[in-house]
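Student: Hey, can we go through this one together? I'd like to start with the strands.
Tutor: Sure, let's pull it up.
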Amino acid sequence: MATLRLGDTAPDFTAVTSEGTLNFYDYLGDGWGILFSHPADFTPVCTTELGTAAKFKDEFAKRNVKMMALSVDGAESHKEWIKDINETQATNVNFPIIADEDRKVSDLYDMIHPNADDTLTVRSVFIVGADKKIKLILTYPASTGRNFYELLRVVDSLQLTANHKVATPANWKHGEKVVVSPAIPTDEAKKIFTKGVEEVKPYLRLTPDPTA
Ligand code: BEZ
């Protein structure tokens, strides 16, 4: 198994999930995807994460992003756990959770880090673009629940920078000023970014979010 890196093609797979057997690429269609792993069913942090993810589904859908979760427990266990998640998090888990009992997908995506835990998956996140390339990799320990606002924010940045010659600064959120790509000279930038270009330094030029 080779280490996956940004820009690599996300490996395709077919897996049993809480919503039946699914092929990853077919599930994503021509949209974006978030594949994220959980250490185990019936654990507290994972329960809050999956409830939160369900509440974010509409926001991800607006961005043409579908979610698929994973844990190494079985599909029947997932279905029982989903009942608890829905009850305790006041939501409706509405995306598939892979039942990766044979660790096939976990191994494919290197989600088991033996020096952290040799059987359970860590909290991995892979954001996959419409071109099936890996755009973002995040790895959290079992003890830290992820920030789904951050995942939405990153999707906004990835989709903006895929379509415009900009980058996004620290703590950027949709609608805030963005950074002009360093490859574009300021004279040219002023023609491209008709909302205006503010030259703080020759290498640091700001412009309003072109999509806001
Ligand atoms: C949890 O999801 O709460 C959890 C899972 C494994 C280890 C620690 C916490």
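Tutor: One term before we start: two strands pair if DSSP finds at least two bridges between them, and strands are DSSP runs of E with at least two residues, numbered from the N terminus.
Student: Okay, which residue is the bridge partner of Val 166 in S9?
Tutor: That's Val 180. S8 and S9 (residues 178-180) pair in the antiparallel sense, over 2 bridges.
Student: And before I trust it, what kind of model is this?
Tutor: It's a predicted model, where local features need pLDDT of at least 70, side-chain atom pairs count only at pLDDT 80 or more, and totals for chains, interfaces and linings use all residues. Residues are numbered from 1 along each chain as its sequence is written, and side-chain values use heavy atoms, with hydrogens and water left out.
Student: What order do the strands of the open sheet come in?
Tutor: S8-S9-S11-S10, so to speak from one side to the other: 4 strands with antiparallel pairing.Student: Which strands are at the edges?
Tutor: S8 (166-167) and S10 (198-201), each pairing on one side only.
Student: Switching to the ligand: which residues are around it?
Tutor: Pro 39, Thr 43, Pro 44, Val 45, Cys 46, Arg 123 and Ala 142, each with a heavy atom within 4 Å of the ligand.
Student: Which polar side-chain atom lies 2.9 Å from a ligand oxygen?
Tutor: One from Arg 123. A backbone N or O atom of Val 45 is 2.5 Å from a ligand oxygen; a polar contact is a pair of N or O atoms within 3.5 Å.
Student: How much of the ligand does the protein bury?
Tutor: 74% of the 260 Å² that the ligand exposes when taken alone, with areas from the Shrake-Rupley method and a 1.4 Å probe.

Key. A polar contact is a pair of N or O atoms within 3.5 Å; within protein, one must be able to donate a hydrogen and the other to accept it, and residues adjacent in sequence count only if both atoms are side-chain atoms.
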